[in-house]
Amino acid sequence: MKKRTVLAIGLALLAALLLAACGGGGEAEPIKIGAIFDLTGPTSDVGTPYAEGEKGYVEWINENGGINGRKVELIAQDYAYKVDQAEQLYSQYVNQDKVIAFLGWGTGDTEALRAKIAADEIPFMSASYSINLADINEAPYNFLTGTSYSDQMVIALQWIKDDAASKGVDAKVVVFHHDSPFGESPVPDGQAYADANGIAYTNLAMPRGATDLTPQLTQAQEFGANYIVIQNVSSPAALLAKNAKSLGMDVQIICLNWCADELFVKLAEDASEGVLGVMPFSPDLTVPGAQDAAKFLESKGEKLEDYGLHYVQGWTTVKVMLEGVKRTLDAKKELTGANLRTSLEGIQNFDTGDVTAPLNFSPTDHRGNDAAKLYQVQNGQWVAVSDYIHSRIEAKAHK
Amino acid sequence: MQSGIFHSSYQKDMALRHTPAQKVRLLLIIVFLLIFPFLADNYYLTLANQIGIAVIGAVGLNILTGFTGQISLGTGAFLAVGAYTAALLAIRFNMPMWITIPAGALMTALVGGLFGIPSLRLKGLYLAIATLAAQVIIIWVVTHWDTVTGGVDALFVKNYLWFDGQQVRFNEFKFYWIIMAVAVLVVMAAVNLFRTRPGRAFIAIRDQDIAAEVMGVNVFRYKVAAFATSSFMIGLAGALIAHWRQIVTWERFTIEVSILYLAMIIIGGLGSISGSIYGAIFMTLLPAFLLNVGQSLGSAIPFMDRIIPFIQQAVFGIVIIVFLIFEPEGIAKMWRNIKDYFRLWPFSY
């Protein structure tokens with residue numbers, strides 16, 4: 001009896017799979033964009049507001065008449081940071097739903113899909129800002145809306161160089177990074193800059209899931225570090241800041257974008273005070289570019305402050321992608337991935353309303369910009385302490 | 001009316017297919033595999049290719065864990081060895097795929113055999129931890145041996161057919177044939193393996209290693225051989241992943257992948273080749289199915305949108321638990337039960 005029930009369930013599952021899978025087609029009208037979110041995986045803490053921001057922008061633009069009268073349809077799912085599922089969803093959205101562009105999320109999926117999107121001619125933007133993705137030959141369809149990690153690193157080092165000079169000390173920098181492509185991505189470019197500018201520079205990997213980073217910090221102390229740059233996500237970065245504080249280290253900590261956010265301040269508590277952040281996306285939610293998002297959420301009875309800067313980051317990423325769509329439609333060209341890429345490459349001096357530095361794409365460079373502002377935690381808030389600093393490194397300098 | 005299948009000669013006992021129905025089914029499967037790519041779109045081809053690779057890996061792991069009784073948590077890392085070997089040969093030496101893929105498998109067999117050596121002294125949970133060490137060590141080497149593997153950066157794999165330096169552009173359709181051909185070969189090899197002396201030695205070791213040794217089975221040799229054979233197949237799967245996706249990053253080969261493969265063979269059926277296939281199909285299609293249901297539900301009931309991802313995760317776990325409760329011996333046993341039910345009707349039991 002039991003076994004028959006199982007069989008019945010199994011058959012029902014199979015039938016439902018076929019039905020669900022066949023249900024995709026229809027309507028050619030809306031502009032279809034595919035996306036994957038991390039809502040349940042290891043990066044869901046920041047992936048959720050980012051995803052909400054992406055969905056929010058699409059809803060907002062549809063409420064405001066869509067793009068040239070056409071609605072935008074965001075076809076998206078959680079992929080829990082699993083590369084296999086990212087591939088399944090990508091293939092489904094591109095081949096069955098016929099999306100013309102794709103919004104990814106992490107380094108894992110962005111790297112894994114790099115060759116596929118080039119072959120399928122699908123413009124791709126994600127929240128991974130590795131400079132490898134700006135290599136036109138190897139990643140011709142990837143676009144970076146955020147300042148690349150390498151640029152962020154050089155911006156941090158420029159600031160360190162000036163700060164050390166003004167204090168009359170020798171800069172000794174230790175880069176603490178996530179033990180992954182994401183974490184190591186800016187290390188070589190930082191090394192090149194440090195070597196050229198006489199900065200003592202070394203790097204240490206932060207073991208995953210570590211509950212105490214004192215051993216690594218002791219190594220940094222032995223190196224004589226007076227500056228620490230963190231390329232990691234908020235929680236381990238907060239742990240590092242706390243450990244450094246309890247060791248009584250006299251260092252200036254500088255976070256690159258994935259640890260410089262509201263979550264870091266919340267987790268590191270008073271250890272976050274005085275920490276600097278290189279932030280390509282403004283943590284100041286009152287900038288003009290964040291106002292549409294703020295009003296949109298208000299109309300839903302929600303507050304932008306509850307979501308934070310990652311919401312605006314997701315919002316702005318879709319906005320840039322759809323700007324390319326709009327330009328393609330305005331030019332009366334067929335809406336294909338290849339044409340969308342050309343339109344995106346024509347975006348010059350695109351004003352994001354001070355959310356990011358103005359964006360420039362070109363056929364030879366898919367990095368939106370090389371500039372970011374430095375912010376500092378003061379009384380639990382990120383406060384701007386510099387104007388846009390440009391890194392001015394070449395996209396391919398890392399190889 | 002039948003009450004069971006009985007063999008009256010050794011020849012029949014050794015036969016791979018015992019009934020006409022099995023022969024017909026095999027024929028149908030072959031026809032389906034040949035027609036499928038012409039009817040399916042790229043999405044289904046992607047799924048089919050994922051399944052094909054999972055089948056190769058799962059059969060490999062089942063030889064080790066299901067048939068020889070040596071648990072392994074290192075599948076992810078062994079996949080990485082195959083993938084990196086194939087990728088590096090293609091990138092550095094412009095070698096064609098028909099060399100890089102077998103080379104990747106051979107390299108993995110070597111590494112797998114090496115990590116199999118502790119199995120002489122270690123059993124059960126202790127061996128699990130030893131293979132976990134393999135997982136950690138191999139991934140560490142892959143990410144830190146910069147001069148060879150390029151470190152944590154992704155490798156961009158080139159696909160060559162010959163030594164002429166001409167890169168070939170493969171798509172899902174073409175890879176379907178490569179992956180399925182390898183999968184069929186692996187399955188045939190595995191099925192036949194257990195009709196030979198080494199295969200029977202593996203099973204003897206699983207059932208009682210001391211008894212096996214008393215019977216004259218060189219336990220150490222065959223354990224290492226099981227590791228090497230299993231790793232060879234897993235390495236094949238890894239090498240195929242490298243060429244199919246054209247990108248190799250270590251993030252594809254984490255401990256989660258090892259556990260996923262273990263789940264495949266447990267759900268499919270330990271010690272069953274067909275079980276490995278069912279498990280691979282099931283574990284690849286279930287997430288895709290749940291994602292599709294979630295998508296339809298999400299657009300139908302908007303307020304559910306935010307919790308559906310969590311429900312999907314929970315359902316994935318629950319379905320697996322339910323399957324195991326109802327049939328701990330896996331899908332392979334379920335399938336046998338269904339067949340028996342109809343064949344022996346009305347006098348089952």
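# A tour of chains A and B

Select S258(B) to begin; this residue sits in helix α12 of chain B, which runs over residues 255-268. The model is predicted.

**Stop 1: around S258(B).** Is S258(B) buried or exposed? Count the C-beta neighbours inside 10 Å: there are 23, so S258(B) counts as buried, the cut-off being 20 or more. Now show what S258(B) touches, leaving out residues up to four places away in sequence. You should light up L73(B), G74(B), T75(B), G76(B) and Q135(B). Draw a line from S258(B) to Q135(B). Their C-alpha atoms are separated by 8.5 Å, although the two positions lie 123 residues apart along the chain.

**Stop 2: helix α2 of chain B.** Select residues 20-39 of chain B, which form helix α2. How far apart are the end C-alpha atoms of this helix? They are 28 Å apart. That agrees with expectation, because 20 residues at 1.5 Å a residue should span 28 Å. Next, pick L33(B). A kink of about 25 degrees lies there, shortly before the proline P37(B). Then colour α2(B) by burial. The helix is hardly covered: among its 20 residues, the count of buried ones is 0.

**Stop 3: where chain B meets chain A.** Show both chains. The contact takes 35 residues from chain B and 35 residues from chain A. Which elements of chain B each supply at least two residues to the side that touches chain A? Select α3 (42-67), α13 (273-300), α14 (308-326) and α15 (331-343) of chain B. Zoom in on α13(B), which gives the largest share of that side, 10 residues. Now colour the side of chain B that touches chain A by class. It has 17 nonpolar, 12 polar and 6 charged residues.

**Stop 4: the two domains of chain A.** Hide chain B. Colour domain 1 of chain A, residues 10-147 + 285-368, in one shade. Give domain 2 of chain A, residues 149-279 + 374-390, another. Taken over C-alpha atoms, the centres of domain 1 and domain 2 of chain A are separated by 30 Å. Where they meet, 15 residues of domain 1 of chain A are in contact with 15 residues of domain 2 of chain A. On the domain 1 side of that contact, select α2 (44-63), α4 (107-120) and α13 (309-330) of chain A; these elements give two or more residues to it. That side of domain 1 of chain A divides into 5 nonpolar, 8 polar and 2 charged residues.

Notes:
Residues numbered from 1 in each chain as written. Chains lettered and ligands numbered in written order. Predicted model: local features only at pLDDT ≥ 70, side-chain atom pairs only at ≥ 80, totals over all residues. Helix = DSSP H or I, 4+ residues; strand = E, 2+ residues; numbered from the N terminus. Expected span 1.5 Å × (residues − 1). Bend = angle between axes of the 7 residues up to and from the residue. Buried ≥ 20, exposed ≤ 12 C-beta atoms within 10 Å, placed from the backbone. Contact = placed C-beta atoms within 7 Å. Domains from an automatic or database assignment. Nonpolar A, V, L, I, M, F, W, Y, C, P; charged D, E, K, R; others polar.
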